[in-house]
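Let's work through a few exercises together, each with its solution laid out in steps. Have your viewer ready.

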Amino acid sequence: MSINPLKFPDFDDDINTESKIHIRLKKRNARKSVTTAEGINETFDLKKLISHLRHKFNCGGVVVIDGDTGNKVIQLNGDQRENLKNFLINEEISNKSDIIVHGY
């Protein structure tokens, strides 16, 4: 087994992270930020979901395709991590154990 020095090895290979939903906060500048959610099941109509989230949270939002993985990612303006997590749990889109919130 050779280890590439430019890439760290995955120590959590036995954990299935594909069914997890990752919610992250990305800072645009000193005051603005974007909340992203990736890993939401593709069976849901993400355009309808993002439309509902925009109205519910009073923010802008869009569905984009990640350039590295090709997966669809939801982007919401502002810090919507807690709101999005609670929405996904209350609407039974995902379990609490399947949601990982980064940045706390």
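**Exercise 1.** In what order do the five strands form the open sheet?

Before the solution, some ground rules. This is a predicted model, in which local features need pLDDT of at least 70 and side-chain atom pairs count only at pLDDT 80 or more, while totals for chains, interfaces and linings use all residues. Residues are numbered from 1 along each chain as its sequence is written, and side-chain values use heavy atoms, with hydrogens and water left out.

*Step 1.* Helices (H or I, at least four residues) and strands (E, at least two) are DSSP runs, numbered from the N terminus. Two strands pair if DSSP finds at least two bridges between them.

*Step 2.* Begin at strand S1 (residues 21-27), which is joined by three bridges to the parallel strand S5 (residues 99-101). Isoleucine 23 stands opposite valine 101 in S5.

*Step 3.* S1 also pairs with strand S2 (residues 33-38), antiparallel and over six bridges; a hairpin of five residues links S1 to S2. Here histidine 22 stands opposite glutamate 38.

*Step 4.* S2 runs antiparallel to S4, with five bridges between them, and valine 34 stands opposite asparagine 77 in S4.

*Step 5.* The full order is S3-S4-S2-S1-S5, with mixed pairing. S3 and S5 are at the edges with a single partner strand each, so one side of each has no neighbour in the sheet. From one strand to the next, the twist averages 25°.

**Exercise 2.** Which residues of helix H2 are buried, and what do they pack against?

*Step 1.* Take buried as under 20% relative accessible area, exposed as over 50% and partly exposed as in between (1.4 Å probe, protein chains only). In H2, Arg81, Leu84, Lys85, Phe87 and Leu88 are buried.

*Step 2.* Looking down the axis of H2, these buried residues fall within an arc of 165° (taken from the directions from the helix axis to the C-beta atoms), so they line one face of the helix.

*Step 3.* With contact meaning heavy atoms within 4.5 Å, they pack against S1, S2, H1, strand S4 (72-77) and S5.

*Step 4.* H2 runs at about 165° to S1. Axes are lines fitted to C-alpha atoms, for helices over the stretch in contact, and angles run from 0 to 180 degrees between N-to-C directions.

**Exercise 3.** Is asparagine 58 buried or exposed?

*Step 1.* Asparagine 58 lies in the loop between helix H1 (46-57) and strand S3 (61-65).

*Step 2.* Its phi is near 55°, a positive value in a residue other than glycine.

*Step 3.* With a relative accessible area of 75%, asparagine 58 is exposed.
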